[in-house]
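What follows is a guided walk through one chain, for a reader who is meeting it here. Please keep the sequence and the model in view while reading.

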Amino acid sequence: MTDVLERETGDPGGPDDADLTMGIDPWERNWMLFSVVLLVVFAAAVTIAGFAAGFQLPGAESEVDPRTIASEGRWAEPGLREVGDGQFEAYVMSQLWSFSPRELVVPIDAEVDIYVTSQDLQHGFKITDTNVNMQVVPGQVSKLTYTFDEVGEFPYICTEYCGQGHAAMFGTVRVVSEAEFEALQSGDGVTTGDDADAGGEAAAATEDDG
Ligand SMILES: [Cu+2]
């Protein structure tokens, strides 16, 4: 078309000089504008996801020795512990091919700091229907905080292929009502807190019952 125009009229085509702003073709200007708008939209999406939707990047919380970690401190007895009012921490150990513990029972609206590490090779830790999704790297503790605001069962799975037993590597977060959680605590079903605390709570619960 341009070639035909040029041959017939000597006009190379394109916009008239009057349509140019600072020598920029209007189409080119519009595309430049469009790409700037896209960048703004992407930046807004990341900001909204980060602050409003509560997305977090799982941080490398600390470094550990994968050969000995299973017998050290809180890792020696992985599981859920109450650390304050409505505040919990969960330690989850990964190994071929299981998570310890296999079940975490959490009261509704509990804010849980979840720590995961591995004592052999790389695994993944994802709690379905939540945005908890972490790489689990031997020698490193991964941490995310999540508030469970819905009663139900949320299976956690290994998301990093780790050998023939990989598909069997799963567990469940069971979110229960406050009342059910207290009932479980006063029974033998669940251990939370240090032994002394758990004993104290159990005793207090028994007193309440009587
Ligand atoms: Cu796996």
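Of the 210 residues in the chain, buried residues make up 20%, and this figure, like every other one here, is taken from a predicted model. The secondary structure comes to four helices and eleven strands. When contacts between residues at least 6 apart in sequence are considered, 57% of them join residues at least 24 apart.

Before turning to single elements, it is worth asking how confident the predictor is: the pLDDT averages 80 over the chain, and 79% of the residues score at least 70. Residues 189-210, however, have a pLDDT below 50, although this stretch still has 22 contacts in the model beyond near neighbours in sequence.

Among the helices, α2 covers residues 26-51 and therefore has 26 residues, which at 1.5 Å a residue should span 38 Å; the C-alpha atoms at its ends lie 37 Å apart, in agreement with that expectation. Helix α2 is also hardly covered, since the count of buried residues among its 26 residues is zero.

Strand β5, made of residues 103-107, is by contrast mostly covered, with four of its five residues buried. Five bridges join β5 to strand β11, which comprises residues 170-176, and the two run parallel; within this pairing, Glu103 stands opposite Thr172 of β11.

Strand β9, residues 140-148, can be followed through two pairings. Strand β1, residues 59-63, is joined to β9 by four bridges and runs antiparallel to it, and here Ser62 stands opposite Val141 in β9. Strand β6, residues 110-118, also pairs with β9 in the antiparallel sense, over seven bridges, and in this case Ile114 is found opposite Leu144 of β9. When looking along such elements, it helps to remember that in a regular strand the side chains alternate between the two faces of the sheet.

A last stop lies in a loop, the one between β7 (123-127) and β8 (133-136), where Asp129 is found. Is Asp129 buried or exposed? Asp129 counts as exposed because it has 11 C-beta neighbours inside 10 Å, and a residue is exposed if that count is 12 or fewer. Asp129 can also be related to a residue further along the chain, for its C-alpha atom and that of Tyr156 are separated by 9.6 Å, while the two residues are 27 residues apart along the chain.

Key
Residues are numbered from 1 along each chain as its sequence is written. Two strands pair if DSSP finds at least two bridges between them. Two residues are in contact if their C-beta atoms, placed from the backbone, lie within 7 Å. The expected span of a helix is 1.5 Å times one less than its number of residues. pLDDT is the predictor's confidence in each residue, from 0 to 100.
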